[in-house]
Amino acid sequence: MPGLSEPELGAVFAALADPTRRQVVRSLAREHAVTASGLAGELPMTRQAVAKHLSALERAGLVAPRREGRETRYRLTPEPLEEAIAWMADVGARWDRSLERLSERARRA
Amino acid sequence: MPTVRREVVLPVEPERAWELITDPYELEGWLADDVELAPEEGGEVRVAWEDGERREGVVEEVDEGRRIVFTWGEQPSRVIWTLDPVPEGTRFVVTERTVAPVVGPRMAALASRASLCPA
């Protein structure tokens, strides 16, 4: 698949396997750019916990930090998500084709 | 982990369905163009398609006539095939899901982080 390598794609999946991180991603999707404290204010977790999740998401390339004066704002960079969706579409399409051939074969026998 | 799940009801008895999903000759008629699969624990899986895509892996689990589990691919994914008798024949369910990556230090760090983080 184009863009991300297989291990990078694995990193995206691993980062999103955690339900709390998915919650962080949802919050980021609603707001353009937020600080860790801002996120902690709306999610049931401490600022430190949010910072930890943000750095895991950053390693997977799903969020990007930007310094603005004294604070760091995070925004969603959804390209890796699109790659993950593409993986599912690709794998799903291959099974669709295979199972269609299997059904045909089963009917013939 | 993202999962792909598909199912189909085959108009055949479970015995015939098992043959269709484990006999390499049958598998080459639907799964891929070139298939080697030893339906036993630890058995090798080698699959190639005409479009150049190829996967290699290993059989992890076999429940004769009912279920076979294998992993394949460079960034491995686990494939689970199950058969269930239904009035119309045999239901075949396919599930494919990426396996937690264990390639390279960055991935390992991320994987351990994922399991250590409270939900």
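Which residue in β3(B) is the bridge partner of B:Val35? Read on, and you'll get there by way of the sheet.

## What you're looking at

This is a predicted model, in which local features need pLDDT of at least 70, side-chain atom pairs count only at pLDDT 80 or more, and totals for chains, interfaces and linings use all residues. Residues are numbered from 1 along each chain as its sequence is written, while chains are lettered from A and ligands numbered from 1 in the order in which they are written.

The scores are ipTM 0.82 and pTM 0.68. For chain B, pLDDT (the predictor's confidence in each residue, from 0 to 100) averages 86, with 82% of the residues at 70 or above. Residues 102–119 of chain B stay under 50.

## The sheet in chain B

Chain B has an open sheet of seven strands (DSSP runs of E, at least two residues, numbered from the N terminus). Their order is β1-β7-β6-β5-β4-β3-β2, and the pairing (at least two DSSP bridges between two strands) is antiparallel. At the edges sit β1 (3–10) and β2 (34–37), each pairing on one side only. From one strand to the next, the twist averages 20 degrees.

Now for that partner: β2(B) and β3 (residues 44–48) of chain B run antiparallel, joined by four bridges, and B:Val35 has B:Val47 as its bridge partner in β3(B).

## Helices on the sheet

Helix α5 (residues 79–108) of chain A packs on this sheet, touching β1 and β7 (89–98) of chain B. Helix α1 (residues 14–22) of chain B packs on the sheet too, touching β1, β2, β5 (67–72), β6 (77–86) and β7 of chain B. Helices here are DSSP runs of H or I, at least four residues, and touching rests on contacts, meaning C-beta atoms, placed from the backbone, within 7 Å.

Technical notes: Contact = placed C-beta atoms within 7 Å. Axes fitted to C-alpha atoms, helices over the stretch in contact; angles between N-to-C directions.
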